[in-house]
Amino acid sequence: MEKNRVLKILLTVSVLVAVFFLGALSSMTDDEMFEKFSPVFEILTYIDRNYYDIEKVDYDAILNETLTGTMRGLDDPFAWYFDPVQTKENELDTTSKYGGIGSTVQYNIEFDCLEVVAPMAGSPSERVGLRAGDLILTIDGVAVSEVGYYGAVNMLRGDPDTQVVLEVYRESVEDPFFVEITRAFIEIKSVKTELLSVEDTDISYIQITGFNAPTYDEFQDALNLSRESEAFIIDLRNNPGGLLQSVLNISSLMLPKGKRVITIRYRDGQEEVYNSWGSRYNSYFTDKPIVVLVNDGSASASEILTGALKDHGLATVIGTTTFGKAAVQTVFNLSNGGEIWLPTAHYFTPNGSDIHLQGIEPDIIVEAGEEAPSEDGRELTLSTATVDVEHDLQLSKAIETILEKLGVKVVN
């Protein structure tokens, strides 16, 4: 059939384009490349000439599976292929509003399921206890492997106040378990701020849930409300990262001009060095205690900001070891409307550390489920605060640390 021949040609060209972008075969000639991948063309020929149900063949599906397999062959957890529908999903405005469970997820190709990157703060996912690294196996009884990434994401979304049942696997739990989540109206705002009044001390608590295009302006707004604060808590827990430019902008709001933020190193050894260009907001942080809260859901851009503040000694990092994603992903558009996200470089913290797959270890380790360390057993008294300090042991330790640095005595 002519249609099948056209689709077959498109598949052949797309595979060659993908291979070219991978760069692993850049030393090959065109003839060598064709010979290496001739089995792909042989398979297509056998299908076209011999497959009994040729009328049922979906060449777009074959193309997507071929490209997915190409990226999977790199054995790199941060090398991804998105088909044309998924690519449109990636282009959704980060300020969009929708009904859903409020989790950032990615497709886990090893187990053909969704993996929770981070539950959004205050979301239905967080309220039922979903954690970074949890694997979503089924949604309302339907296997994620059957519907794929986009289909699964669509199933997670729905009208607010409706229920969805997830089958979840967690490494620390022997058997998969089920959770019922009530969807809610999700409005993505990446920066939230609150003034904590503790023992007559004003502490600015700023939570950053993602580094998106609006985050820079939102963070400036938060700082404008915090100019009189005596200390800062920057909460990056469950922040999966985002745009490099966004975190560079925010780093410059906090770090003095000329301070190293990151070094990006490519495979050929070339480097790009990013230093803070400084801002009028730098003075807000002068001689004031800063605590950064992190956990295993803090990744990518979150680790850039954390590493910069830690390496320059400007902040105390509290929580658990971060995710460990220091791969710089470059997006390449494909002729079929899809795209690949390909790691093309690693970034290094100011002191030269490569934290990829290692993460950043906090200065003070506090597990979310353990008692926060305290030498004198003192209790904190807060007023005009909606954050749950009593049950948030990491935040409680952050406040204790700040009060100690300020020399504030806590009255029991």
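How many salt bridges does the structure hold? The answer is 6. This is a predicted model.

Three of the pairs are set out here.

| Pair | N to O distance | Relative accessible area, acid | Relative accessible area, base |
|---|---|---|---|
| Asp 134 and Arg 170 | 2.8 Å | Asp 134: 1% | Arg 170: 12% |
| Glu 271 and Arg 265 | 2.7 Å | Glu 271: 43% | Arg 265: 34% |
| Glu 400 and Lys 397 | 4.0 Å | Glu 400: 5% | Lys 397: 10% |

Asp 134 forms its salt bridge with Arg 170. The pair links distant parts of the chain, 36 residues apart. Asp 134 sits in the loop between helix 6 (124-127) and strand 5 (135-139). Arg 170 sits in the loop between strand 7 (163-169) and strand 8 (177-182). Asp 134 counts as buried because its relative accessibility is 1%, under the 20% cut-off. Arg 170 is buried too, at 12%.

Glu 271 pairs with Arg 265. Here the closest N and O atoms are 2.7 Å apart. Glu 271 is partly exposed. Arg 265 is also partly exposed.

Glu 400 meets Lys 397 within one element: both lie in helix 11 (residues 393-406). They are 3 residues apart, about one turn of the helix. Their N to O distance is 4.0 Å. Glu 400 is buried, with a relative accessible area of 5%. Lys 397 is buried as well, at 10%.

Which residues do shared partners join into one network? They are Asp 235, Arg 237 and Asp 392.

Methods
Residues numbered from 1 in each chain as written. Predicted model: local features only at pLDDT ≥ 70, side-chain atom pairs only at ≥ 80, totals over all residues. Heavy atoms only, no water. Salt bridge = Lys/Arg side-chain N within 4 Å of Asp/Glu carboxyl O. Helix = DSSP H or I, 4+ residues; strand = E, 2+ residues; numbered from the N terminus. Buried < 20%, exposed > 50% of the residue type's maximum accessible area, 1.4 Å probe, protein only.
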